[in-house]
Amino acid sequence: MSANTTLLEVKHLRTWLASGDAVVRAVDGLSFGIEAGETFALLGESGSGKSITALSIMRLLPDAGRVVSGEIRMDGTDLLALAETAMRGVRGRRIAMIFQEPGTSLNPVMTVGAQIVEVLERHTELRGDGARRRALELLESVGIPDSQRRVDEYPFQMSGGMKQRAMIAIALACAPALLIADEPTTALDVTIQAQVLELLRDLQRKTGMSVLLITHDLGVVAQMAHRVAVMYAGEIVELAPAKAFFSRPAHPYSKKLFEAVPDAAGRRRGLAVIPGTVPHLSQEFVGCRFADRCDSAWARCREEAPAAVEIGAGHAVRCHLYDSRDQESAVRSQEKAKIGTGADSADVAERLAASSSLLAVNDLRVYFPIRKGIFRRVVAQVKAVDGVSLDIHSHRTLALVGESGCGKTTVGKGILQLVPVTGGSVTFDGVDLSTLTTGALRPLRKDFQIVFQDPYSSLNPRMRVAEIVEEGMTALRVGTGSRQERVDELLQQVGLSPDMKYRYPHEFSGGQRQRVAIARALAVEPKLLICDEPTSALDVSVQAQILNLLKDLQQRLGLAYLFITHNISVVEFLAHEVAVMYLGRIVEKGGVDEVLRSPRHPYTRALLSAVPVIDPAGRREVIRLQGEQPSPVSPPSGCHFHPRCPSVMPECRLAYPGATPVSDTHSVRCFLYGKGE
Amino acid sequence: MPFIPVILWTDRLVFVLVAVVIVSGWYIRRQEHLRAPWGKVARSRYGMCSLVVLSVFVAIGLLDSLHYRPRLEGRPAEGKANYAVEVRSVFDALVAPLGRRLEKTYSAPFAAYSFSKETVERPDGTQAREFPRLKFGGAHLKDPAQERVPDVVRGMVGAIGIAAVLWIVLTMAIAAWLAGVYNSDFSHMLSAIIHGDTEVPWRAMLVTAGVILAVSVPLALLSARYHVMGTDKVGQDVFYEALKSIRTGLVIGTLTTLVMLPFALSLGVMAGYLGGWVDDVIQYIYTTLNAIPGVLLIAAAVLITQAWMDLHPEMFETVSQRADIRLLFLCLILGITSWTGLCRLLRGEALKLRELDYVEAARAFGVSDWRIITRHLLPNVMHIVLIIVVTEFSGLVLAEAVLSYVGVGVDPSMISFGTMINSARLELARDPTVWWSLAAAFVFMFLLVLSANLFSDSVRDAFDPRIRSAMTARMRRLWLRPA
């Protein structure tokens, strides 16, 4: 720790929430301090209490929440003891906050300027022209171009990244000493995330404010934080300077988090999995909260709650392993844990020779008409998918990578014929699906199924698990004989117990729900599974479980996957081939190593460089992209990427480049490598 | 047989509705996701207290729906028994004297004398203008001026005593029953109820029941000797009229919903899910229907029914049957004009639901549209239907009053809140005012609608997913205690 003064000090904070008839100890004895000018990261999975901590500091808890005990001191004054009127002077002026969802944290019926001025008028003497000038300055400082015009625009006229910048501008209006950023980039695409993170770093350098960064993303922490606190089940299990944390994570939970991040190395051996889920916080804990999921737990962990142990300069861990009294048994159990980790499983699928092509998509086009006027005439087309060609072989995984709005989900739905296809062909096992009638298509539907992104909306809340899994079998008349036995078998296959089948979806956690969704898709024995971001709504540790499951199923059942994702590290772990999409078209495709190790297209390069990387050695120079992905209603002329491209050439504005082969399997559509065919 | 049962059309529908409620109650008990929100209703204090009040109204309404025609006294001609033309209900029989004790005209509550002067012949042959004694109200008193007030007070005190005894018996019975259900001992259960420590707010419900008993027992006992709420123009007891109005209000409030539900549900969900031209047609229908002034449409329909009934007098054996058909048609008309609101809501919800992944997943399995609508959409819009049905109820009770007041409501021979208000309206201009008809109708309707509204509020709270983790009462008390 540096000799800086402590700006914010939280001591033994305990915040409880009332939920139904139970008390949830959302934050249970939290202590930390934030130095002036540093970025302090609070890292944890969903439900670990990190957002409640932020709300406790701001004193913006919901009605059901209450700070039970503890102190929150800012410059020596106890915030919890302040009167509400005095607290209002602190909020916005001394501490400001930005939220995860930029779309909902701005008032849609006020201009951005008015929202900044509102804060200025509340906290400063600035009025009228002075306030407006300051608002313009702020918008410029957060990198919003053309601020003279933007200041009078409404939030709906701005893109997601722009809104988050505007939100930051509002937060910075009074030059707060502390900025609380609650998952500031989770809702944004990687290239935009890179822009916003850089902006935050820049602003911090200029103003010297402290940042409390709340996130679940190790990569973001690695890029931003000076110090890290890992939260688990309402308490901090590890608190360390960022360097020490990333070189030697101490707590078993922290270690597991690192191992659960999917990457190319995990490809061979499977990801480390933290069994189970975060415990319910409505119980009183006797021992260590992590004991039930910990490989190295022994009897003492279940009987006695560990105290924080200092193991290095400013590095504290709440684990019995580091308690000197118990060094010996700790070593023993660690050895045991080592033996316990699974043997490396060879990638069977990879060794299998690439079999015949299962699905061939040729020049797929999906346009959505925009209708206007009394006769609903078509005035324009949203070209969501504009000429996509893909090939998927059985036993193989093709990852379709792209930012939100590039049309990757529509490709999936177009293949499944869930949206009307405008042009092109989808050939599955030799049959062109797009020419079939609904009736003729129905029997074929058992061969290709889909797993959706959000496990909370993909299961009907009014149906039991058994009915959900059975639905496809009934509709497609598969396995008429013993459906219930088949349901049991499927549930076991996805790692659920068969006696869960009479439960309703709300009784399951996110990861379990996703398993049910996978079981539902597998029920009709498909050959191709389209996975539409199946893990992006899940926590890292649960994501690892699902990814391992998918990989295992591929090896056992020989499934082909079309894996739609924006998460590059998942691609490294799971995919054999990669196709990168930008604004309705595939700009580069090839084998996973080819595309990820030696990307050719400027967009692929920028995308890869923007991904936050944990390992400092592997960090690349971030290629900053200008602006954001344009709307598919009016794509730019020529190459769609040219307005943002760092190596744009005159010809890029004129025509869309054809595919240029780089190797047998690798091709790219960019004029840098030739005109294409 | 001393009577023949008469099943009027509205009775039939009421019984169908009761059967539906019982069957769905039995079904809900076995479905956990349906039982949970109802459990929340059962834990809400407002909800359960208003339910107690509502169930008193419903009990009266149901008793009033069991109709029969009594056999006439005297020798049956040609071996066939004669039955009265007047259709009576079980409720009428229970409160038998109340409906038959007709005075000449108005009399005030608890009065012994008529409200207007009449020329009476004295025993000595002279004539005088004076307030005559009532035939039934306070008829047992020798000197009303002296005895009336003490008699009423004495009656009330006694009745409240009886009410207290009844209430204690009720409390004991509930405690004993609960002790049986939860395998606990009686005294423990009783103290839990008294301290309000039960999950279902039995204490609050018992207090409500106590208030109802304390009001209704004196009214019931005193109504044997007095007109507790006075009499109307034709000398009919107003208390009796108010009680009879309850059935009319309930029938309008519930049957109308029954009529409109199929329209609203099928059209709304179809419009939202299928979209395209189906959506256009359905939207066109309900926007057009909405544009026609409701009262105009209702008036026209009621007048047509009336004309049709006048042309076919042979179809109706009794006056009650005529009145009943008119009531039924009023329900139909109100139903047809009021489904649009729910339909629009359901269309919006179906538009939202059809984009959800589980519907998309079902489509990926090739599940038919019909099955998607019945298995995926309908169960997921039922909470909206329930909320609307319960909220709509009170609006419809009030609508009946307004329509009958305007003169296009129920048959004039049928007692309802609307006809009571309508007949009382002219007398408000009199001096001294005849206020009791209006006041009685107002109080009864107010209680019915208020309890229905409170109940619908707690139903909405329980089914609204946004208020999911509301604190229970016990929790709130723990919560408000300082740390």
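Here are four short exercises, each with a worked solution, on the predicted model shown above.

**Exercise 1. Confidence along chain A**

Find out which element of chain A has the lowest mean pLDDT and which has the highest.

*Solution.* Start with the whole chain: the mean pLDDT of chain A is 84, and 92% of its residues reach 70 or more. Next, go through the elements. Helix α15 (residues 348-351) of chain A has the lowest mean pLDDT, 42, while strand β3 (residues 39-43) of chain A has the highest, 93. Finally, look at residues 335-354 of chain A, where the pLDDT is below 50. Beyond near neighbours in sequence, this stretch has 17 contacts in the model.

**Exercise 2. Where the two chains touch**

Describe the contact between chains A and B, then work out which element gives the most to the side of chain B that touches chain A.

*Solution.* Begin by counting residues: chain A brings 29 to the contact and chain B brings 23. Now stay with chain B. On its side that touches chain A, at least two residues come from each of α2 (32-43), α13 (357-364), α14 (369-406) and α17 (473-480) of chain B. Of the elements on this side, α13(B) gives the most, with seven residues. As a last step, sort the residues of this side by type: twelve are nonpolar, six polar and five charged.

**Exercise 3. Two positive phi angles**

Locate Ala233(A) and Asp429(A), and decide for each whether it is buried or partly exposed.

*Solution.* Take Ala233(A) to begin with. This residue is not a glycine, yet its phi is positive, about 50 degrees. You will find Ala233(A) in the loop between β9 (227-232) and β10 (235-241) of chain A. A residue is buried if 20 or more other C-beta atoms lie within 10 Å of its own. Ala233(A) has 23 C-beta neighbours inside 10 Å, so it counts as buried.

Now turn to Asp429(A). Its phi is near 55 degrees, again a positive value in a residue other than glycine. Asp429(A) sits in the loop between β16 (423-428) and β17 (431-432) of chain A. With 16 other C-beta atoms within 10 Å, Asp429(A) is partly exposed.

**Exercise 4. An enclosed helix**

Explain why helix α11 (residues 252-260) of chain A is described as largely enclosed by the rest of the structure.

*Solution.* First list the buried residues of α11(A): Pro252(A), Tyr253(A), Ser254(A), Lys256(A), Leu257(A), Glu259(A) and Ala260(A). Because seven of the nine residues of α11(A) are buried, the helix is largely enclosed by the rest of the structure. Then ask what covers these buried residues: the cover includes α9 (218-224), β9, β10 and α21 (540-557) of chain A.

Key
Residues are numbered from 1 along each chain as its sequence is written. Chains are lettered from A and ligands numbered from 1 in the order in which they are written. This is a predicted model: local features need pLDDT of at least 70, side-chain atom pairs count only at pLDDT 80 or more; totals for chains, interfaces and linings use all residues. pLDDT is the predictor's confidence in each residue, from 0 to 100. Helices (H or I, at least four residues) and strands (E, at least two) are DSSP runs, numbered from the N terminus. Two residues are in contact if their C-beta atoms, placed from the backbone, lie within 7 Å. Ala, Val, Leu, Ile, Met, Phe, Trp, Tyr, Cys and Pro count as nonpolar, Asp, Glu, Lys and Arg as charged, and the others, Gly among them, as polar. A residue is buried if 20 or more other C-beta atoms lie within 10 Å of its own, exposed if 12 or fewer, and partly exposed in between; C-beta atoms are placed from the backbone.
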